[in-house]
Amino acid sequence: MTVPHVAPAPAVIPAQTPLLSVRDLNAYYGQSHVLHGINLHVNPGEVVSLIGRNGAGKTTTLKSIMGVHRQRTGTVTFAGQDVTRLPSNRVAARGLAWVPEERAILSSLTVRENLELPPTRPGGWTSERAYEAFPVLRERGHHPGSKLSGGEQQMLAIVRVLRSAPKLLLLDEPSEGLAPVIVQHIGRIIDDLRREGLAVLLVEQNLKFATRLADRHYVFVDGEIVDEVRREDVDTRHADLLRYLSV
Ligand SMILES: Nc1ncnc2c1ncn2[C@@H]1O[C@H](COP(=O)(O)OP(=O)(O)OP(=O)(O)O)[C@@H](O)[C@H]1O
């Protein structure tokens, strides 16, 4: 007897669980209410940008996610766990790494000391990997952080946090004030990191840089997200994006 061929039941594809989820985030500086109900998410391995004019609330959003800015309400969920109430060092220990706009490096220590100070975790970047990615850091190994160019400081700030093998990297205006060739180099490193599965949440005013890298863009205006643009729609929405950023 021949057994009739029965097509296998279609696999149930579960909806992707975001790596980071921010729900109804409101933030304040004293009496000033600066974020108004921010909702956003980042999927595993995704590069997402926050774009908008100066003062729109992008940096405050990153600080609120990290738990550095505490005057806020709402929920931050990371890797399935509510991290809203955790102090920032414990948020970081869960796998979130933040490179602030002011590039937190230790200016009195040398490049090598800056690199070697943060403990490495399994899978985190070694100094050797950092030097391979940014050879100039090897050349500047004995220079104090204060003597580095803006681009070198940005490179150092990024590789320092990669020692902890984060799952999500928060970058605040990594291209700001840097020469185009350095911006391109940093862009290539972010591409490499994405290929290895690292998710990135990027604050940018440089639209060219942001649209080259990011899979999705959230547009901030006056403390609210007013639009979301996917990579495949960037060309048709380009004029809108420029308008959002123009002053
Ligand atoms: N320490 C602070 N005290 C009071 N108000 C602040 C403080 N930091 C930011 N703000 C205000 O909060 C609002 C959001 O600022 P935020 O820095 O988050 O914006 P942004 O989009 O990141 O802009 P930028 O690119 O200029 O950093 C702005 O109105 C800003 O003036």
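For this tour, Ala, Val, Leu, Ile, Met, Phe, Trp, Tyr, Cys and Pro count as nonpolar, Asp, Glu, Lys and Arg as charged, and the others, Gly among them, as polar. The structure is a predicted model, in which local features need pLDDT of at least 70 and side-chain atom pairs count only at pLDDT 80 or more, while totals for chains, interfaces and linings use all residues. Residues are numbered from 1 along each chain as its sequence is written.

**Stop 1: the ligand**

Select the ligand together with the residues around it, where a residue is near a molecule if its C-beta atom, placed from the backbone, lies within 6 Å of it. The residues to display are Tyr29, Ser32, Val34, Gly52, Asn54, Gly55, Ala56, Gly57, Lys58, Thr59, Thr60 and Phe220. Coloured by class, this shell divides into four nonpolar, seven polar and one charged. Which element gives the most to the shell? It is α1, with three residues. Both β2 and α1 supply at least two residues each. Helices (H or I, at least four residues) and strands (E, at least two) are DSSP runs, numbered from the N terminus.

**Stop 2: the sheet of four strands**

Next, select β2, β1, β4 and β5, which form an open sheet in that order with antiparallel pairing. Two strands are said to pair if DSSP finds at least two bridges between them. The edge strands, β2 (32-42) and β5 (81-82), each pair on one side only. Strand β1 (residues 20-29) runs antiparallel to β2 and is joined to it by eight bridges. To see one position across this pair, select Val22, which stands opposite Leu40 in β2. In a regular strand the side chains alternate between the two faces of the sheet.

**Stop 3: the sheet of six strands**

Now select the open sheet with the order β6-β7-β8-β3-β9-β10, whose pairing is mixed. At its edges are β6 (96-99) and β10 (224-230), each pairing on one side only. On average, neighbouring strands here are turned by 20 degrees against each other, direction ignored. Axes are lines fitted to C-alpha atoms, for helices over the stretch in contact, and angles run from 0 to 180 degrees between N-to-C directions.

Begin with β3 (residues 47-52), which pairs in the parallel sense with β8 (residues 199-204) over five bridges. Within this pair, Ser49 has Leu202 in β8 as its bridge partner. Five bridges also join β3 to β9, again running parallel, and there Ile51 is partnered by Val219 in β9. By contrast, β9 and β10 pair in the antiparallel sense over six bridges. In this pair, the bridge partner of Arg216 is Arg230 in β10. The hairpin of β9 and β10 has two residues between the strands, and Asp222 takes a positive phi near 45 degrees.

**Stop 4: two helices on this sheet**

Add helix α1 (residues 58-66), which lies across β3, β6, β7 (168-172), β8 and β9 (216-221) and runs at about 145 degrees to β7. Helix α7 (residues 180-195) packs on the sheet and touches β3, β7 and β8, its direction making about 150 degrees with that of β8. Two residues are in contact if their C-beta atoms, placed from the backbone, lie within 7 Å.

**Stop 5: Leu109**

Finally, select Leu109, in the loop between β6 and α3 (111-116). Is Leu109 buried or exposed? It is partly exposed, because 15 other C-beta atoms lie within 10 Å. A residue is buried with 20 or more such atoms, exposed with 12 or fewer, and partly exposed in between, the C-beta atoms being placed from the backbone. Leaving aside neighbours within four places in sequence, Leu109 is in contact with Asn114, Pro144 and Gly145.
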